[in-house]
Amino acid sequence: MKKLLLIALAPLLSFASTPIEVKFLSDENTNSGTVVLSVKNNSKQDIELLKWNTPFEKTLSSDVFNVNINGKENLYMGRTVKRIKPKDSDYILLQSGISEKITVDLSKYYEMKRRGEYNIEFDGTFQYRILDTTDVKRAKVIKEEFPKTKLFFNPSAKQKRAFTPKKKAQFEGCSQNDIKVLKTAHTDAITMSKKASEAMNNAGKKTSAERYTTWFGKADEKRQKIVTDAFSKIYDAFENKDLSFDCGTCKKWDEERYDETFAYVHPNSEYEIYLCGAFWKSSTTGTDTQAGTLIHEVSHFTTVAGTGDFAYQQTPAKDLAKKSPDKAVNNAENYDYFAENNPKLSMDNPNGENNDNTEDNNNSIINDNNYYDSTEEDEDWNRCLELKSDKEIDNCFIKWEEKYYPNSEDNWDIDDNSYLTQEEEKDLKICEELKDEAEINNCLIKWENKYYPNN
C-alpha cells in the first residue's frame with residue numbers, strides 16, 4: 001500500500017522548503033471578472049495536491065482571495081464546507097517542474113458590485129502528499145507577501161442582482177422525516193452550544209483546563225475571549241435567529257461528492273444551512289454529530305464567528321490547537337469538537353485556580369462587514385435593484401455612483417482606456433461625444449452588449 005506524506009504549505013517559493021509556486025498570469029485577466037493563476041511544482045519529485053479549499057475545485061469552497069476596490073474589501077459570497085476524509089479523486093497530480101493553469105471567475109464568489117479596478121490577492125494554502133514516503137511531517141506556513149494582480153471589472157445588471165438576498169423558507173426541499181431530524185438536531189445544538197458558552201463564561205481568566213487547551217491551545221487571555229464571544233453568538237443564533245435548512249440543493253451542487261459532505265453555508269448569507277449526505281448518516285451522539293455539524297456551520301457565518309476550515313476531523317484539529325492556536329480559535333471544527341466534548345474532558349484548571357470569571361464576557365466582538373457607509377446609501381442601492389428593466393437599473397446605478405462616489409478613483413474614467421481594444425475605445429468615444437445624458441446611457445448599454453454580451 002502506498003504511504004503518503006501530508007503537508008500544509010504557503011503559496012510562495014522564496015524558500016527551498018516550500019515546493020509550490022503560485023502567481024497570477026495578469027496578461028490573461030479579462031474584464032469579465034476572471035483571473036488566471038499558475039501553480040507550479042518546484043520540488044524534485046511528483047506530488048499530489050488536495051483540491052479542497054483551493055482554486056482547483058470545480059466550485060470555490062473557501063475564501064482564498066482578498067478582493068478590494070478603493071480600499072474597501074469585497075465580501076466572500078461563496079460556500080464553506082464540512083467534509084469527511086478525502087479520497088484519491090480529491091487530489092490532482094502535479095509533476096516536478098510542471099505548472100497548471102487555473103481560471104477563476106471571482107465575480108461568482110465575491111461581492112463585486114461596483115465598476116472599476118479591483119485589487120486581487122491570493123492568500124490560500126495547499127495540502128499535498130508525496131508517494132512512497134514513510135515519515136509524516138508538516139511544513140511551516142511561511143508568511144510573506146502573497147501573489148497580487150489588478151482586474152478591471154464592470155458588473156452587468158444581472159450580476160448586481162445576483163447579490164440581492166432572497167428570503168428562504170425555514171425548510172427548503174425537506175421531507176417530513178427530514179424536518180423531524182432537523183428539529184431534533186436544532187434542539188440538541190441549542191443545548192450543546194449553551195453548555196459550551198457556560199463553560200467558557202465560567203472559565204478562569206487564563207484557563208489551562210484540559211478541554212480548552214485540547215481544542216484551542218495553550219492558555220491565552222486574548223484567544224480565550226475570542227472563543228468565549230464566539231460561543232455566546234453561536235448559542236444566540238440557535239436560540240434567537242431564524243435558521244433556514246435546505247435539504248435538496250447540495251445534491252444538485254455536486255452529486256458525486258454528496259455522500260462525502262456533511263453540510264455547507266455561504267458565510268455572508270445569514271443563517272442558511274445546506275445539508276448533504278454525510279449529515280443524514282451521522283449520529284445524534286458521539287463525534288461529528290448532527291448537532292455538532294450545525295454548530296460547525298453556524299460558526300462560519302460572518303455575523304457569528306466568521307470561522308474558516310483550516311483542519312477537518314479530531315486529530316488534525318487537536319494538532320492545529322497545539323501548533324497554531326491562533327488558527328484553532330478560528331477553525332469551525334474545533335468549536336464543533338469542544339461543544340460535543342467527546343471523549344469528555346474537564347474544564348477544571350489543573351492547578352486548582354478558581355473558575356469564576358470576574359470579567360464581563362458579554363462584550364462581544366463585532367465583525368463589521370457592512371459594505372456601505374450609510375443606511376441611505378444602502379437603501380438607494382436596493383431601490384435600483386427593485387426596478388424591472390436592465391436599462392432602468394443601469395441608469396439608476398450610474399446616478400447612485402455619481403451621488404455617493406463623485407470623486408472616487410474607481411469610477412469609470414472614459415479617458416483611461418488602457419484595458420480596451422482599439423475598436424472598443426473607438427466606439428466608446430462615440431458614446432462620449434453624444435450630448436444628451438439618456439443617449440449616452442443608451443449608447444453605453446449597447447456598447448456593453450456588443451463587446452461583453454455574457455457579462
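What percentage of the 455 residues in the chain is buried? Buried residues, meaning those under 20% relative accessible area (exposed is over 50%, partly exposed in between; 1.4 Å probe, protein chains only), make up 52%.

The model is predicted, so local features need pLDDT of at least 70 and side-chain atom pairs count only at pLDDT 80 or more, while totals for chains, interfaces and linings use all residues. Residues are numbered from 1 along each chain as its sequence is written, and side-chain values use heavy atoms, with hydrogens and water left out.

**View 1. Overview of the chain.** The chain holds 14 helices and 16 strands; these are DSSP runs numbered from the N terminus, helices being H or I with at least four residues and strands E with at least two. Of the contacts (heavy atoms within 4.5 Å) with a separation of 6 or more, 74% are between residues 24 or more positions apart. The accessible surface is about 23000 Å², and carbon and sulfur atoms contribute 46% of it. Areas come from the Shrake-Rupley method with a 1.4 Å probe; for residues, only the protein chains shown count as cover.

**View 2. The salt bridge between D336 and K82.** A salt bridge is a side-chain nitrogen of Lys or Arg within 4 Å of a carboxyl oxygen of Asp or Glu. The whole structure contains eleven of them. In the pair of D336 and K82, the closest N and O atoms are 3.3 Å apart. Because D336 belongs to helix α10 (residues 332-340) and K82 to strand β7 (residues 80-83), the pair ties together parts 254 residues apart in sequence. Both D336 and K82 are buried.

**View 3. The salt bridge between R257 and D90.** The closest N and O atoms of R257 and D90 lie 2.9 Å apart. R257 is in the loop between α5 (249-253) and β15 (261-265), and D90 is in the loop between β7 and β8 (91-94), so this salt bridge ties together parts that are 167 residues apart in sequence. R257 and D90 are both buried.

**View 4. The salt bridge between R223 and D326.** R223 pairs with D326 at 3.1 Å between the closest N and O atoms. The two residues are 103 residues apart, R223 in helix α4 (residues 221-240) and D326 in helix α9 (residues 325-328), and the pair links distant parts of the chain. R223 is buried, with a relative accessible area of 9%, whereas D326 is partly exposed at 49% relative accessibility.

**View 5. A salt-bridge network.** K82, D288, E333 and D336 are joined into one network by salt bridges that share partners.
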